[in-house]
Amino acid sequence: MTKRPVRKHPRKTAKAVERKAIATELPVGGVTAPASLIAPAQRRRLERRNVLERITSNGTISALVMIVAAVVAVICANTPAYEAIHAFLQESVSLVCGPWSFSLSIELFVNDFLMAIFFLLVGIELKYEMTVGELRQPRQAMLPMLAAVGGVVVPACIYGFVNRGGAVYGWAIPMATDIAFALGVLSLLGNRVPPALKVFFSTLAIADDLLAIAAIALFYGHAPNLFWLGCAAAVTAALVVLNRWRRFRLAPYLALGLVLWFCLFQSGVHATLAGVILAFTIPARSDIVASELVGWLGSKLPELDDRFDDEVHILGQHDFTRAARGVERVMHRVTPPLQRLEHYISTPVNFLILPIFAFVNAQVRLVGVDPLSLVFDPVAIGVYLGMLLGKPIGIAGMTALLVKTRIAHLPTGVSMRHIVGVGILGGIGFTMSILISGLAFTQIPVELLAAKTAILAGSASAALVGLLYMHVACGARREKS
């Protein structure tokens, strides 16, 4: 193809520049740009995409989707469709490569593989908080983190006391707070919630998840296979080396992450932990020196301006497109790999993986079950009381102790009344609690049914009571102000 000569165009007049500046602006990829920058045929599509992005980034909507999936699961479990659904979930998914094959059931695929991607997102959030968030400053993070410890210990003690001499192995079920559900419920109160309280609750929920992950790793795996555990350690070392060598492409990390998941799955340690390990090895830095970026872009603008000819079709402007492609390649590398990966997986996790997990694991079949025996089952009582009473007692009690002894101070605009409300909402434990119940009672279906029923009832009760309580508490604060 013969290159057409590039003809310099005259500089725009002041009026043209002014008209361009006041043109209608359109959100594009999270920033606003003049509508004149976008081809007319693409504007409506971009507007629809922006609406979709606002929906998928809303924590309340994602929590509602998971609630709907859980409700549908409970309904289906108590209809004739249950047998077909159960049979489908027990079907095997196989991977065959020559003489080698690997298979696992659909239910196990959801709980072990898809949930590893959820744990990857949790690990990204943890690393973000430890790098630039609240967990970076130990003094500020100390109060919510220690409050999270109280919110873990007290529910576990209540469960252990109720089930002493019985199914005590499920002690960790009521200790976990579901971040998506809890923050989704809190967001329903809008701007009446003090901003510092949202930060406190987010930090508490993240620390709570970290403790739940540690409990799964230490107490709910099988006897480890040392060979595969050694292989997992070798893969982890390779991931660390990639990070040390400042490799910023995501593909090698994701490939090694799959190998790490397989090694952990074969080792007997719960394979979802591969997601957390992978998240902590992905670089949180950019390979572009940000302080030099603005100056470099400024030097490129005259070059782009000189090479552009508005009378020539874009296909014929080879010098301009080559220069623009160079700028595009550099700008793509500005965003750290950790942030890029979060952008890729957050929507699929919240709107696909978690609803699927909820549907698969909320199959609570009550047909033919004696309601009284279920209500008075020690496992159900321990889980329910641990979630509804243990969480607020542990969180508010630990916070009050730290404040009274002047070890820590409440955030600005936050009172103990708000902390009690946070404790009640902390009893919303769905995702982690159901996952732990499946690990604790793998071979005891009766206790698993009791635990799942109590989790659903406890989460619903904590959400309703917490929302009503916070409505009153935040209303009183607003009136006082």
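## Salt bridges in helix H12

Arginine 307 and glutamate 303 stand four residues apart in helix H12, so about one helical turn separates them, and in this predicted model their side chains meet in a salt bridge with an N to O distance of 3.1 Å. Glutamate 303 also takes part in a salt bridge with lysine 300, at 3.3 Å from N to O. Lysine 300 and glutamate 303 both belong to helix H12, which covers residues 290–307, and they are three residues apart, again about one turn of the helix.

None of these side chains is described as buried or as fully exposed, and the category follows from the relative accessible area, because partly exposed covers the range between the buried limit of 20% and the exposed limit of 50%. Lysine 300, at 24% relative accessibility, counts as partly exposed, glutamate 303 is partly exposed with a relative accessible area of 22%, and arginine 307 is partly exposed with a value of 29%.

## A pair in helix H13 and the shared network

The structure holds four salt bridges, and one of them is formed by the side chains of aspartate 319 and arginine 322, which meet at 3.1 Å from N to O. Aspartate 319 and arginine 322 are three residues apart in helix H13, residues 318–332, and therefore about one helical turn lies between them. At 29% relative accessibility aspartate 319 counts as partly exposed, and arginine 322 falls in the partly exposed class with 40% relative accessibility.

Which residues are joined into one network by salt bridges that share partners? The network consists of Lys300, Glu303 and Arg307, with glutamate 303 meeting lysine 300 in one salt bridge and arginine 307 in another.

## A nonpolar patch on the surface

Leu64, Ile67, Val71 and Ile75 make a nonpolar surface patch of about 350 Å². Isoleucine 75, one of the residues of this patch, lies in helix H3, which spans residues 59–77. The relative accessible area of isoleucine 75 is 51%, and this residue is exposed because the class begins over 50%.

## Packing of helices H5 and H18

Two packed helices are described by the angle between their axes and by the distance between those axes. For helix H5, residues 106–131, and helix H18, residues 431–440, the angle is about 145° and the axes are 13 Å apart. The crossing of H5 and H18 is left-handed.

Which residues make the contact between H5 and H18? On the side of H5 the contact is made by Asn111, Met115, Phe118 and Phe119, while H18 contributes Thr431, Met432 and Leu435.

## The protein as a whole

The protein has 481 residues, of which 42% count as buried, and its secondary structure comprises 19 helices and four strands. Among contacts with a separation of 6 or more, 78% are accounted for by residues 24 or more positions apart.

The exposed area of the protein is about 25,400 Å², and carbon and sulfur atoms supply 66% of that area.

Methods: Residues numbered from 1 in each chain as written. Predicted model: local features only at pLDDT ≥ 70, side-chain atom pairs only at ≥ 80, totals over all residues. Heavy atoms only, no water. Patch = residues over 30% accessible without salt bridge, like charges linked within 9 Å, V, L, I, M, F, W, Y side chains within 5 Å. Areas by Shrake-Rupley, 256 points an atom, 1.4 Å probe, with all protein chains shown as cover. Helix = DSSP H or I, 4+ residues; strand = E, 2+ residues; numbered from the N terminus. Buried < 20%, exposed > 50% of the residue type's maximum accessible area, 1.4 Å probe, protein only. Axes fitted to C-alpha atoms, helices over the stretch in contact; angles between N-to-C directions. Left-handed = near helix turned anticlockwise from the far one by under 90°. Contact = heavy atoms within 4.5 Å.
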